[in-house]
Amino acid sequence: MSEIFVSTHPLVLHDLTVLRNRVTPPPAFRAALHRVTLLLLHAATADLPTRKVIVPTPLESAEGLALDAAVGFAPILRAGLGMVEAALTLLPQAQVWHLGFYRDEVTLQPVKYYSPLGRQTLPEIMFVLDPMLATGGSAVAAVNELKKHGARRVKFVGLLAAPEGIARLREAHPDVDIFLAAVDRTLNAKGYILPGLGDAGDRQFGTA
Ligand code: PRP
Ligand code: URA
């Protein structure tokens, strides 16, 4: 079964509180999401494969490690966009495959409106980026899409999850590790995470 990592890092928990606060304006929200993403990805990338390399220092040779895997990020639009810059700061060589899903407001089912995936070979390790794992529908649909196009190892990096979303993602994809800042209590009747932070896309982009 997959790993579920929930951060206990004080910096993550501090910024999570900033993100939850309804008075936090979009610029501060985006900055806090950026910082939390850096810290969550620190955990999510801890087992990336490496190989030994020898490099010449100005004085002699030194043995070091180099990353030994192709990595890709799949941010789910819109809210996952706020995690991309942090991801590329840590792994500038990674590919980015944007996936467009929105939740139908009535059925809460994910609706795909954009996928660039075709016949390309995806990187060996793909990280789905989306701050919110609510019903889990969007995350499951994104992982389905990546696996349909050949992804072999997928991890989910989020911010907040409801227990319902974790259960749904684990049931559909027991091999997908999940990295989070917190697991909240439940969902309301409209599929919003409680206590949550509201609509992560609107909070970032000022569209509430
Ligand atoms: C939000 C969020 C997730 C999804 C989570 O996107 O960013 O993608 O909801 O909900 P789920 O787990 O129930 O599928 P939303 O549909 O609001 O689209 P947006 O980011 O474009 O606003
Ligand atoms: N999507 C969000 O942006 N927030 C929620 O609480 C649930 C889904």
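Start by selecting Gly137, Ala139, Val140 and Val143 in helix α4, then add Arg168, Leu169 and Ala172 in helix α5: these two groups meet each other. Sort the residues of this contact by type and you get five nonpolar, one polar and one charged. Keep in mind as you click around that this is a predicted model.

**Stop 1: the two helices**

Now widen the selection to the helices themselves, residues 137-148 for α4 and residues 163-172 for α5. To describe two packed helices, people give the angle between their axes and the distance between the axes. Here the angle is about 25 degrees and the axes are 8 Å apart. Angles under 35 degrees count as roughly parallel, so α4 and α5 are roughly parallel to each other. Turn the view until one helix lies in front of the other, and you're looking at a right-handed crossing.

**Stop 2: a pair inside α4**

Stay on α4 and show the side chains of glutamate 145 and lysine 148. Side chains of opposite charge can pair when their charged atoms come close. Glutamate 145 and lysine 148 form a salt bridge, with 3.7 Å between the closest N and O atoms. Both sit in helix α4, three residues apart, which is about one turn of the helix.

Which of the two is buried, and which is exposed? Glutamate 145 counts as buried, at 5% relative accessibility, while lysine 148 counts as exposed, at 61%.

**Stop 3: arginine 78**

Next, jump to arginine 78, in the loop between β4 (71-77) and α3 (84-90). Arginine 78 is partly exposed, with a relative accessible area of 34%. What does its side chain meet at 3.9 Å, N to O? Select aspartate 199: the two side chains form a salt bridge. Aspartate 199 belongs to the loop between β15 (193-194) and α6 (200-205), so this pair links distant parts of the chain, 121 residues apart. Aspartate 199 is partly exposed too, at 25% relative accessible area.

Don't leave arginine 78 yet. Add aspartate 202, which also forms a salt bridge with arginine 78; the closest N and O atoms are 3.0 Å apart. Because aspartate 202 lies in helix α6 and arginine 78 in the loop between β4 and α3, this pair ties together parts that are 124 residues apart in sequence.

**Last stop: a network**

Finally, select Asp47, Arg153, Lys155 and Asp177. Salt bridges that share partners join these residues into one network. Want to keep exploring? The structure holds twelve salt bridges, including the one between glutamate 145 and lysine 148.

Definitions and conventions:
Residues numbered from 1 in each chain as written. Chains lettered and ligands numbered in written order. Predicted model: local features only at pLDDT ≥ 70, side-chain atom pairs only at ≥ 80, totals over all residues. Heavy atoms only, no water. Axes fitted to C-alpha atoms, helices over the stretch in contact; angles between N-to-C directions. Helix = DSSP H or I, 4+ residues; strand = E, 2+ residues; numbered from the N terminus. Parallel < 35°, antiparallel > 145°, perpendicular 65-115°, else oblique. Left-handed = near helix turned anticlockwise from the far one by under 90°. Contact = heavy atoms within 4.5 Å. Nonpolar A, V, L, I, M, F, W, Y, C, P; charged D, E, K, R; others polar. Salt bridge = Lys/Arg side-chain N within 4 Å of Asp/Glu carboxyl O. Buried < 20%, exposed > 50% of the residue type's maximum accessible area, 1.4 Å probe, protein only.
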